[in-house]
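Welcome! Take a moment to look through the structure below, and then we will walk through it together, topic by topic.

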Amino acid sequence: MGELRIGMVGYAFMGEAHSQAWRTVNRVYDLPVRARMSLIAGRDKANVAAAADRLGWDEHTTDWRDLINRDDIDLVDICTPGDSHAEIACAALAAGKHVLCEKPLANTVEEARAMVAAADAARAQGVRAMCGFTYRRVPAVTFMRRLIAEGRLGELRHVRAVYLQDWITDPEFPLVWRLQKDKAGSGALGDIGAHIIDMTQFVTGQAITGLSGLTETFVTERPLPSGDGAALGAATAGASSKGPVTVDDAALFVARLSGGAVATFEATRMATGRKNGLRIEVNGAKGSLAFDLERLNELEYYDGTLPGTELGFRRILVTEPDHPYLSAWWPTGHLIGYEHGFTHQARDLLEAIGTGTDPEPSFADALGVQLVLDAVERSAGSGAWVQV
Ligand SMILES: NC(=O)c1ccc[n+]([C@@H]2O[C@H](COP(=O)([O-])OP(=O)(O)OC[C@H]3O[C@@H](n4cnc5c(N)ncnc54)[C@H](O)[C@@H]3O)[C@@H](O)[C@H]2O)c1
């Protein structure tokens with residue numbers, strides 16, 4: 001079995017989730033290549049050293065360029081905010097490294113297009129690139145796509161997709177990078193709206209073709225964070241000065257899909273009481289399916305072809321060995337959690353690299369999401385219906 005030497009940038013939320021996946025993936029799945037956690041990059045020497053030790057990386061560095069320059073790194077895994085995705089990914093691909101890049105792919109459509117061009121050029125050399133829309137790999141979501149592709153819902157009519165969190169409800173919550181446009185690209189829109197855009201296009205197999213959106217920023221300035229003000233809910237201000245919030249707190253839009261369905265989307269980090277409330281419901285002519293991330297082992301299914309006396313939503317517990325990804329895990333009914341999606345993502349990427357095929361979502365798929373994000377912002381600015 002070949003070894004794939006990983007270099008990862010960033011060691012906070014996603015860095016930890018991806019590290020868990022790299023540590024686990026070959027112990028769970030039989031794969032053509034084995035991941036080696038070779039080198040982790042971060043900006044602070046003491047912190048990156050501690051992260052390497054805690055998360056299980058062989059070596060550490062304070063400069064991500066070391067990942068690009070070293071011959072003994074085969075794949076670069078980008079777990080940093082969006083402002084560094086394009087530069088790191090394009091450099092890695094040009095150096096012949098496979099790339100896994102967190103979502104959203106970039107902060108602008110222009111950057112995303114450059115990344116797609118870099119991935120296309122690299123593919124000709126057998127180099128693979130994938131974007132981390134992890135929720136595709138929750139087994140219930142993958143299974144939802146399969147049922148829809150089999151025609152179980154008939155013609156699709158509506159999609160209702162929401163992603164609701166509440167971690168910035170307090171106006172004293174500090175101005176972390178996710179609230180700064182130059183670092184994050186956009187607010188709730190790109191952070192969590194990007195997930196429900198990708199999931200909608202993934203489960204329906206249809207593209208968003210046009211939309212009308214609005215965005216709102218409820219708290220326009222916030223205390224400056226202490227330190228580098230890292231993760232969700234982590235930083236406390238301790239500072240009297242404030243800075244401007246330059247992204248949306250909430251983004252809503254209605255859209256048309258390429259197969260004729262209509263859809264509504266709602267993304268906010270100010271839905272008081274909602275912690276990680278991602279829900280997607282698809283209604284078709286013959287039935288409906290719904291998924292809720294806070295009950296991620298389940299699907300709600302309504303089969304409208306049953307006799308009237310038997311109609312009703314039923315719960316499918318998605319833990320059978322012949323459900324996607326699950327044959328390698330626990331016995332039926334023994335549930336999986338949030339982190340498993342990352343292991344499944346690593347599995348699919350290693351499988352693709354080992355068999356010389358293109359992993360999904362590709363950078364081109366992720367550009368498709370970026371175009372929708374851009375259309376929402378343009379529509380919110382002009383008030384007009386915008387073609388994607
Ligand atoms: N797939 C998912 O479900 C999911 C979930 C959360 C975040 N994300 C995405 O993952 C990315 C990172 O988010 P996060 O939540 O891990 O953020 P985070 O703030 O928890 O971690 C960011 C890390 O990047 C480091 N960093 C920042 N700029 C850097 C630079 N120029 N060079 C080197 N290191 C740098 C920080 O020090 C930190 O270690 C974002 O693109 C985000 O949208 C994806």
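## A ligand and two domains

In this predicted model, the shell around the ligand takes at least three residues from each of two domains: domain 1 (2-135) and domain 2 (139-295 + 297-336 + 368-387). Those are also the two domains into which the chain is divided. Let's start with the ligand and then turn to the two domains.

**Around the ligand**

- There are 23 residues around the ligand, and M14, K103, T134, W177 and R178 come nearest.
- Sorted by class, the shell holds 12 nonpolar, 6 polar and 5 charged residues.

**Polar atoms facing the ligand**

- Look for F13, where a polar backbone atom is 3.0 Å from an oxygen atom of the ligand.
- H85 brings in its side chain instead: one of its polar side-chain atoms lies 3.2 Å from an oxygen atom of the ligand.
- At G132, a backbone N or O atom lies 3.2 Å from a nitrogen atom of the ligand.
- How much of the ligand does the protein bury? Taken alone, the ligand exposes 850 Å², and the protein buries 91% of that.

**Where the two domains meet**

- The centres of domain 1 and domain 2, taken over C-alpha atoms, are separated by 25 Å.
- On the domain 1 side, 19 residues are in contact with 27 residues of domain 2.
- The size of an interface is often given as the accessible area lost when the parts come together.
- For domain 1 and domain 2, the buried area is about 1,800 Å², with carbon and sulfur atoms giving 64% of it.
- Three residues to find here are Y29, F133 and Y135, which supply 37% of the area that domain 1 buries against domain 2, more than any other three residues.

**Polar and charged links**

- Between domain 1 and domain 2, 8 residue pairs are in polar contact (both at pLDDT 80 or more).
- The count of salt bridges between domain 1 and domain 2 is 1.
- K103 forms a salt bridge with D191, and their closest N and O atoms are 3.6 Å apart.
- You have met K103 already, as one of the residues that come nearest to the ligand.

Technical notes
Residues numbered from 1 in each chain as written. Predicted model: local features only at pLDDT ≥ 70, side-chain atom pairs only at ≥ 80, totals over all residues. Heavy atoms only, no water. Near = heavy atom within 4 Å. Polar contact = N/O pair within 3.5 Å; in protein donor to acceptor, adjacent residues only side chain to side chain. Areas by Shrake-Rupley, 256 points an atom, 1.4 Å probe, with all protein chains shown as cover. Nonpolar A, V, L, I, M, F, W, Y, C, P; charged D, E, K, R; others polar. Domains from an automatic or database assignment. Contact = heavy atoms within 4.5 Å. Buried area = accessible area lost by both parts, 1.4 Å probe. Salt bridge = Lys/Arg side-chain N within 4 Å of Asp/Glu carboxyl O.
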